[in-house]
Amino acid sequence: MARIILTSGLGNQYAGGQTEFEIEAVDVRRLVAVLEERFPGIGPEINREMAVAIDGLIYQDPFLERIESDSEVYFLPRIGGG
Amino acid sequence: MTVESKKYKWVGTSPVRPDGNDKVTGRAKFGADLMLPGMLTGKVLRSPHAHANIKSIDTSKAEALPGVKAVITSADVAELESEWVPAGELQLNFRDLAHNIMANGKALYDGHAVAAVAATSAAIADAALDLIKVDYEVLPHVIDVEEAMEADAPVLHADMFTDGVTPKPTKASNIFKEVDIAVGDVEAGFAKADLVVERSFKTAPVHQAYLEPHAAVASFSEDGQAELWCCTQGHFVVRAYCAKLLGMDIADLRVTASEIGGGFGGKTTVYLEPVALMLSRKAGKPVRAVMTRDEVFRASGPTSGAASWVKVGVTNDGTIVAGEAILKYQAGAFAGSPIQPGCMCAFAPYDIENVKVKGYDVVTNRSKVAAYRAPGAPISEHAVESVIDEIAKKLGMDPIELREKNAAREGTNAAYGPKFGVIGFADTLAAAKAHPHYSAPLGPNQGRGVASGFWFNIGGSSSATVNVNEDGTLALATGSPDIGGSRASMAIMAAETLGIEVTDVRPIVADTASLGYTFLTGGSRVTFATGMAVIEASKKIALELRERAAKTWDISVDAVIWEDGLAKPAGANAGDFEPLTLADLAAKANQTGGPISSAASLNAEGAGPGFGTHICDVEVDPETGAVKVLRYTAVQDCGQAIHKAYVEGQIQGGAAQGIGWALNEEYIYDEKGRLDNASFLDYRIPVASDLPMIDTVIVEVANPTHPYGVRGVGEVPIIPPMATVANAIDSAIGIRLTELPMSPPRVLAALDNGS
Amino acid sequence: MAKIHVTTTINGEPVEFLCEPQQTMLDVLRDELRLTGSKEGCATGDCGACSVTVGDRLVCSCLMLGAEAEGQEIETIEGMADGDTLHPLQQKFLEEAALQCGICTPGVLIAAKALLAKNPDPSESEVRYWLAGNLCRCTGYDKIIRAVMDCAADMRGA
C-alpha cells in the first residue's frame, strides 16, 4: 500500500480533515479514481490544481506515473515561475 | 535516466552566442521594431483613479476625429466566465484577464485600461484619447495589504468570498484565499525550544523593470485569421490567451515572439496583445501598440508587497525545532498572488519537524501582480533567513554552520511535504564557508551577511525540431523565447549530443505555427525542459543518420554507430567503411530517403530543486544612512552549467535585482492611490555605480533526471539577496531592519532610534 | 504644422529628413529613418538605451529634437561596425557574454565607445560612473564593466 498525503486544504475540504491514507493503486490515474470514489469532488480538483511528488520526484501534470507499493505520494499545488 | 559521466566537448563551455552579432549591431528586432505597411498606432486610455465606478464612456468625439480608425472599450470585449485555469504560472482566471486588459464597469487601479484607439499617427491617437469622456464615480481605495484585510476596508469585488475557509464566508472581502501548510505540531516544537525568535516584516512591491516596454503588432485579415508579433516570454501562451479573449480558433492566430528585452516573469501574461488584435480587427489594418515606461510601471507587473510574521524555535545546540509564519501577499486588483509558493518555500531549505505556515491572497487597488523570478519565494524567505541570522547571532553560532546543521539534504522531507531527491544545498553552504570572501577582514561601519534561498524549478511542455541542411549544418528550432542566451545553450546541447561543432548548429525561436506547443520561458525551465526536447530531437537525428549510413553501406543499422559526429561501422565485423560525416550523409540524403529532419515534443517532469547561498559586505554611512554594497559572492547549485558564462550572468543579474529590492526599489503612492514614482528616475533600479563585481561560484550537483544534469538557474539568485543585505547591515550597525527597501531614510531613522 | 527639413550626417552618410517640430531624434531615427537599433526604454533620459553621439557628445536621443540634428554628425549603433568588422567593444561584448537580452546593449556600446575616446585607461570606478546612465536589468553590470575594461586594455596594447 502506498502512503498518500493530501494538502491540508484538500483534506479539510473533502476528507473531513484527514490528510494521510494507505491506498493500493498502480498509477496516478487509478489513485485519483480511488480518491474520487471515497471523496466525491476531489478528483476534478486534483486534476485542475495539483501536482504530485512520487518518492520525491515532482510531476506537474500527473496521470500515468507508476506508483510502487511502498511509494510515498504527496499532492501539492502546481508551481509556476517567473 | 543516468547522468552521462563522460567529459563533455561543449557542455560547460562559453562559446559566442549564435544570435549575438545582431544584438551588438542594433539589427536584432525587438517588440517595437516591426513596422508593417499601412500600420496604425494603438494607444490606451488609462484610469487616473485607484478605484472608481465607470458610469459612462463617450467615445463619439474620438471616433469622429479624422485619422482615427478604431476605438474600443469593454463593450468590445466579450464577457467570459469566471474560470480558473492552470496557467502553469500563477493561476489564471479568464474573466479577470478580460477585465484587466479593459476595465469593465469599474477601474480598479491607477493605470487600469478603460479604452483604446488606433489612428494613423501617434499624435492623432493621443488627441483621440483626450476626446474620450469617461464619467467616473471615485470610490475609496485601499493599497496596503493589511489595511485591505480589515473588516471595514473598501471591497474591490462584491463577489469575492474567501476560499479555503470553512464555512465559506457570506460577506465579501478582499481576501481571495487562505492557504495552510502544516507539518508536525508547532506548539510542541516551540515547547522544546531553548530560544524562540519572532519578527514581523514588510516588503514593498517591486517591478520586474525589464528595459523593453511591452509592445505588440497585430494584423487581422478579413477571413478572421490574424498574426501577432510581440515581446513575450511565451508566444504559445499569448496565442492561447488572445484566442480565448477574442473568441478565435487557436489555428487562426499565429504568434511570433520578437527578441525580448527582459521579462523576469513580467512578460508571462497579456496586456496590449489582445487590445492590438481587437483594434486591428475593428480597423481592418495592422496596429502597433507600445507601452510608455509610465504605463509599464502603472499597469503591468509588479510583484506583491507583503506583510510577514515569522517565529522560529531552536535548542541551544542550534537545532531548529519549530518554524511558523503568517504571510499576507498583495495580489493587486485581481486575485492570484504568489502566496502558495511563498508559503511552500518559506522553510523549504531546512529540515524542520514542526512547521506551520498560513498565507493570505489579498486584492488591493494596484495593478495585478505578475510573476517575478521565483514568484513568492523572495518575500517569505527574506523573513525566515533574517530570523535565522538573528538566531545565529543570539546563539553565538556561525550563520553558515547554523544552516549546515539544519540544512535539507537528500531524503529530507521538505517543509511543503515530499522528500527531496539529490540536492546541493549543503554543497553551496560548504563552498560559501570556504570562499576567501567569508574570512576577509572588514573595516569600520562595515558588516557581512549570509543568506540562502530555495526554488523548485519546473519542467513542462517543450518542442524542438532539427533539420539537417543540404551541406550538413543544422537548423534547430524551439518554441522558447530566448531571454538570456538560451539559444546558445540549445546549440551546445545539440552539438554535444551529435558530436559536431557548435557553430554548425543555428538555433532559432520559431513561431506558434512552426512547431509543437511550448510553454513559456519561466520557472527556470528552458535549459532543462526545452533542452530535453533538443536532446531528444538530436538523438532522433543521430538514429536517422545511422540508418542513412547503413543504407549507404548496405549493412544493418545495428552495425552502425554514431560517434564524434561520424557514422562508423560498429566494429570489424560490420565491414570496412570510411566513416561518414553529417555533410557526407546530407549530400546523399535524397538517395537514402529524402531530407533528414526530426521533431520532439515532451512534457519534462522531474525538475531539480535549486539552492543558493550568498555573502555580502556592506558599509553603512552613519551620516546619511546610505548602504554601499562593497563585495558580493553568490554560490549556487546549477546541476550542470551548459553555457557557463550565461549561467554566471543569470546569477549576477538575479543578485543585482535582489540588491535593488533590498535597498532602493519600491512603489510609492500618493494619498489618492496614484503611483508617484512611475519612472526610472524615481523608481531606482541599481545602476552600474551602485554595485561591485558579483563573484559567482557554480556548484554542480547533477540533476539525475536530465541527460546532462541540468537544474534551473534563473530564479534562485533573486531569493537570498534581501536577507543577505539585511543581515550584513545588522552586522555593521547592530540593528535588525525588517522593512524593505532599506533605503537611506529608513536606515537613518533606525540609527537615530537605535542610538 | 509644417514639417521641418533637416540636413545632417548619420554614421558618415549625408541624410535629409522631414520631422515634426516636437519630434524627438529617437523617433526620427526609429520611425522616419528606420534605424531601430536605438531603443526606447523610457523616453525621459533615464535609461540610456537610445544613446547616440552628436559630434563628440554622448546624448540620449530621446531628449534631443530631430530638428537639432541640422548640420551635426551623429553616430548610432548601426554605424559602429566597420563594414563586416565589428568594433573591438562589440567583439569583446560577444566574447565575454556582456549581454543577455540585448535591449540595453546598443546604448551601452555607444556610451562605452564615447568613454574610451575620452579616457583610454579608465578605472573600474570610472567605467561604472560613466555607464551609470545606461540601465541594464539582466547582467548586474559585472560582465559589461569587465568587457569595457578588457577592451580598453586591448586597444591600448594595439
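The following conversation goes through a predicted model with chains A, B and C, asking what stands behind each label.

User: Before we start, how are things numbered and what is counted in this model?

Analyst: Residues are numbered from 1 along each chain as its sequence is written, and chains are lettered from A, with ligands numbered from 1, in the order in which they are written. Because the model is predicted, local features need pLDDT of at least 70 and side-chain atom pairs count only at pLDDT 80 or more, while totals for chains, interfaces and linings use all residues; side-chain values use heavy atoms, with hydrogens and water left out.

User: What makes C:Gln100 a buried residue?

Analyst: Happy to show you. Buried means under 20% relative accessible area, exposed over 50%, and partly exposed in between (1.4 Å probe, protein chains only). C:Gln100 has 4%, so it is called buried. Its place is in the loop between α2 (88-95) and α3 (105-118) of chain C; helices (H or I, at least four residues) and strands (E, at least two) are DSSP runs, numbered from the N terminus.

User: Which residues does C:Gln100 touch?

Analyst: Contact means heavy atoms within 4.5 Å. Not counting residues up to four places away in sequence, C:Gln100 touches several residues of chain B, including B:Arg17, B:Tyr646 and B:Gln650, and also C:Cys138 and C:Thr139.

User: Why is the pair C:Gln100 and B:Gln650 called a polar contact?

Analyst: The term asks for a pair of N or O atoms within 3.5 Å; within protein, one must be able to donate a hydrogen and the other to accept it, and residues adjacent in sequence count only if both atoms are side-chain atoms. The side chains of C:Gln100 and B:Gln650 are joined at 3.4 Å, so the pair qualifies. Across the interface of chain B and chain C, the rule finds 24 residue pairs of this kind (both at pLDDT 80 or more). On the side of chain B that touches chain C, α18(B) gives the largest share, 9 residues.

User: How do you know that B:Asp33 and C:Lys39 form a salt bridge?

Analyst: A salt bridge needs a side-chain nitrogen of Lys or Arg within 4 Å of a carboxyl oxygen of Asp or Glu. Here the N to O distance is 2.4 Å, so B:Asp33 and C:Lys39 meet the rule. The interface of chain B and chain C has 5 salt bridges, and that of chain B and chain A has 1. A:Glu72 and B:Lys419 meet in a salt bridge too, at 3.1 Å.

User: What is meant by the area buried between chain B and its partners?

Analyst: Buried area is the accessible area (1.4 Å probe) that two parts lose on being put together, summed over both. Chain B and chain C bury about 4000 Å², 59% of it on carbon and sulfur atoms. In chain B, B:Val24, B:Leu211 and B:Met693 lose the most area to chain C, together 18% of what that side buries. Between chain B and chain A the area is about 2000 Å², with 57% from carbon and sulfur atoms. On that side of chain B, the residues losing the most are B:Pro418, B:Lys419 and B:Glu605, together 26%.

User: What makes chain A agree with a compact globule?

Analyst: The radius of gyration is taken over C-alpha atoms, and the globule rule is 2.2 Å times the number of residues to the power 0.38. For 82 residues the rule gives a value near 12 Å; chain A has 12 Å, so the two agree. Buried residues make up 55% of chain A, and its secondary structure comes to 3 helices and 5 strands, in the order β-α-β-α-α-β-β-β.
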